[in-house]
Amino acid sequence: MKEQIEVLILNGEFERVRQLMTDHDFLDFEEAFIGAAQNTESVMFYTFIVEVIKEQESAELHDLAFLLLVYPLSDVTDAFKAAYYHAERSAKLTEYKEVKNLLQLLFLYTVPEPVITDKQAYQVAKEILKLDPHNKIARDLMKKAVKNMDAGVVDINDLGRSRNA
């Protein structure tokens, strides 16, 4: 399916790709789609996803756009900034209740030029820990954010609650 997607996307045959998406399990399609995008690093893959989002916005489509931008298209100027848009929309569509979507936002704190601030990373990590008190990634990045922030910005009571969450 990966090779088929690659050829169809590069030829602009979006309707046929849409049919493949409908006919297959979304996770299988996503894996093949990302693999095909990695082979070419073409922005046409992103164009396709944006077109589909315009017609049927969903968290999983925003997740796919996010994955495209942070992996095969990460060298495109401002790809991580565009990925932030998709991570934020996905989180909003899931009412900030899905750890996976919140971790996407937190991932953007770990890139060489972070897209979110220390304070935003702290808040996202805090939300993740409410949903998953043992999430090591959120804990570690919360500590990093706290370390980077001015001491006056962090409520010491929040730190105690997060540690005990």
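**Note on an all-helical predicted model**

1. L61 counts as buried because its relative accessibility is 2%, and the cut-off for buried is under 20%. This residue is a convenient place to start reading the model, which is predicted. L61 is part of helix α5. Leaving out residues up to four places away in sequence, L61 touches M21, F26, I49, V52, I53 and Q56.

2. Before going further into α5, consider the chain as a whole. It has ten helices and zero strands. Read from the N terminus, the order of elements is therefore α-α-α-α-α-α-α-α-α-α, with each element counted as a DSSP run. Along the principal axes, the C-alpha atoms fill a box of roughly 55 × 30 × 25 Å.

3. How much of the chain is buried? Of the 165 residues, 42% are. The exposed surface of the protein chain comes to about 9200 Å², and carbon and sulfur atoms supply 50% of that area. As for contacts, take those between residues at least 6 apart in sequence: 59% of them join residues at least 24 apart.

4. On charge, the chain carries 19 positive and 28 negative side chains. The centres of these two sets are 10 Å apart.

5. Back in α5, L64 also belongs to this helix. L64 has a relative accessible area of 0%, so it counts as buried. Not counting residues up to four places away, L64 touches F26, F29, E30, F33, I34 and I49. One of these partners is E30, which is 34 residues from L64 in sequence but 6.8 Å from it in space, C-alpha to C-alpha. A student can check this pair in the viewer by selecting the two C-alpha atoms.

6. H62 is another residue of α5. It is buried because its relative accessible area is 0%. With neighbours within four places in sequence left aside, the contacts of H62 are I53, E57, Y85, H86, R89, S90 and L93.

7. H86, one of those contacts of H62, lies in helix α6. At 3% relative accessibility, H86 is on the buried side of the cut-off, so it counts as buried. Which side chain does the side chain of H86 meet in a polar contact? The partner is the side chain of H62, at 2.9 Å. Apart from residues up to four places away in sequence, H86 touches Y46, I53, H62, A65, F66 and L69. For scale, the C-alpha atoms of L61 and H86 are 8.7 Å apart, while the two residues are 25 places apart in sequence.

8. Just before α5, S58 sits in the loop between α4 and α5. Its side chain reaches the backbone nitrogen of L61 at 3.2 Å. A contrast in distance is given by S58 and L10: they are 48 residues apart along the chain, and 24 Å separates their C-alpha atoms.

9. Two loop residues deserve a look at their backbone angles. E41, in the loop between α3 (26–40) and α4 (44–55), has a positive phi of about 55° although it is not a glycine. E95 is in the loop between α6 and α7, and its phi is positive too, near 55°, again in a residue other than glycine. Is E95 buried or exposed? At 58% relative accessibility it counts as exposed, because the cut-off for exposed is over 50%.

10. Helix α7 covers residues 99–107, and its buried residues are N101, L102, Q104, L105 and L106. Which helices do these buried residues pack against? They pack against α5 (59–70), α6 (79–93), α8 and α9 (136–148). Helices α5 and α6, which supply H62 and H86, thus appear in this list as well.

11. Helix α8 allows a simple check on its length. It has 14 residues, 118–131, and at 1.5 Å a residue it should span 20 Å. The expected value takes one less than the number of residues, so the step count is not the residue count. The end C-alpha atoms of α8 are 20 Å apart, which agrees with the expectation. The buried residues in α8 include A121, Y122, V124, A125, K126, I128 and L129. K126 is worth finding in this list, since Lys is counted among the positive side chains.

Conventions: Residues numbered from 1 in each chain as written. Predicted model: local features only at pLDDT ≥ 70, side-chain atom pairs only at ≥ 80, totals over all residues. Heavy atoms only, no water. Helix = DSSP H or I, 4+ residues; strand = E, 2+ residues; numbered from the N terminus. Buried < 20%, exposed > 50% of the residue type's maximum accessible area, 1.4 Å probe, protein only. Contact = heavy atoms within 4.5 Å. Areas by Shrake-Rupley, 256 points an atom, 1.4 Å probe, with all protein chains shown as cover. Charge placed at Lys NZ, Arg CZ, Asp CG, Glu CD. Polar contact = N/O pair within 3.5 Å; in protein donor to acceptor, adjacent residues only side chain to side chain.
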